[in-house]
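Good morning, colleagues. I should like to take a few minutes of the meeting to go through one structure with you, and I ask that you keep it in view while I speak.

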Amino acid sequence: MFVKFLRENVYASIILLVVRVYLGWEWLSAGWGKVTKEFDATFFLQDAVTKAEGERPTVQSWWASFLEGFAIPNVELFNFLVAWGEVLVGIALIAGIFTTFAGLMGIIMNFAYLFSGTTSTNPQMVLLTIFILVAGANAGRFGLDYYVLPFLRRQFRRKGKNSETM
């Protein structure tokens, strides 16, 4: 019943609009700070690796192994992906375009930060993003998804019919 409310109700889409813009602003402002300044994730990643050690580790060893073996050696790639990923997720959520995909990318980043031993606003952002993901297209009803998603559906149907006739 609650899922149906989130996915179909116009009042839910208004509430989700507020949630979406809040989350989008959080992502955009965090990302913009990284894009416009000399952002370097090296210390953050190394710190996360050290949090996997000791009597009460806050980072799982498998995640620390991933950071040490892949993320740190490719830190320049991660600097780019994190900064621009945050900016693009923020813009997409504010504009309401590809809302579900933007929410998915945002929650993946939130979990990466949580896996790395930081909390900050990440738990509340995960919780709010779950509502957006469950709501699907209704989360972008008052946004560009209202126009873009039906257009894309028509295009894919048209291409599907063309491929059947060949």
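I shall speak about the largest pocket, then one helix that lines it, and finally a few individual residues. Please bear in mind throughout that this is a predicted model.

Let me begin with the pocket. The largest pocket has a volume of about 820 Å³. Its lining comprises 38 residues, and those closest to the centre are Trp-27, Val-82, Glu-86, Met-109 and Tyr-113. By class, 27 of the lining residues are nonpolar, seven are polar and four are charged.

Which helices supply this lining? At least two residues each come from α2 (10-36), α3 (42-50), α4 (61-71), α5 (75-95), α6 (99-115) and α7 (122-135). The helix that gives the most is α5, with nine residues.

That brings me to α5 itself. Its 21 residues, at 1.5 Å a residue, should span 30 Å, and the C-alpha atoms at its ends are indeed 30 Å apart, so expectation and model agree. The buried residues of this helix include Val-75, Phe-78, Val-82, Glu-86, Val-89 and Leu-93. As a reminder, an α-helix has 3.6 residues a turn, so residues three or four places apart point the same way. Against which helices do the buried residues of α5 pack? They pack against α2, α3, α4 and α6.

I turn now to the backbone. Just after α5, Gly-96 adopts a positive phi of about 70°. For residues other than glycine, phi is mostly negative. Two residues deserve attention in that light. Phe-98 is not a glycine, yet its phi is positive, at about 50°. This residue sits in the loop between α5 and α6, and it counts as partly exposed because its relative accessibility is 41%, the range for that class being 20% to 50%. Ser-120 is likewise not a glycine and has a positive phi of about 50°. Its place is the loop between α6 and α7. Here the relative accessibility is 64%, and Ser-120 is therefore classed as exposed.

Is Thr-129, my last residue, buried or exposed? Thr-129 belongs to helix α7 and is buried, since its relative accessible area is 3%, where the cut-off is under 20%. Setting aside neighbours within four places in sequence, Thr-129 is in contact with Leu-23, Gly-103, Ile-107 and Asn-110.

Thank you for your attention; I shall be glad to take questions.

Terms used:
Residues numbered from 1 in each chain as written. Predicted model: local features only at pLDDT ≥ 70, side-chain atom pairs only at ≥ 80, totals over all residues. Heavy atoms only, no water. 1 Å grid on protein atoms, 1.4 Å probe; cavity = no way out; pocket = protein on both sides within 12 Å on 5 of 7 lines; lining within 4 Å. Points joined across faces, edges and corners; volume = space filled by probe spheres on them. Helix = DSSP H or I, 4+ residues; strand = E, 2+ residues; numbered from the N terminus. Nonpolar A, V, L, I, M, F, W, Y, C, P; charged D, E, K, R; others polar. Expected span 1.5 Å × (residues − 1). Buried < 20%, exposed > 50% of the residue type's maximum accessible area, 1.4 Å probe, protein only. Contact = heavy atoms within 4.5 Å.
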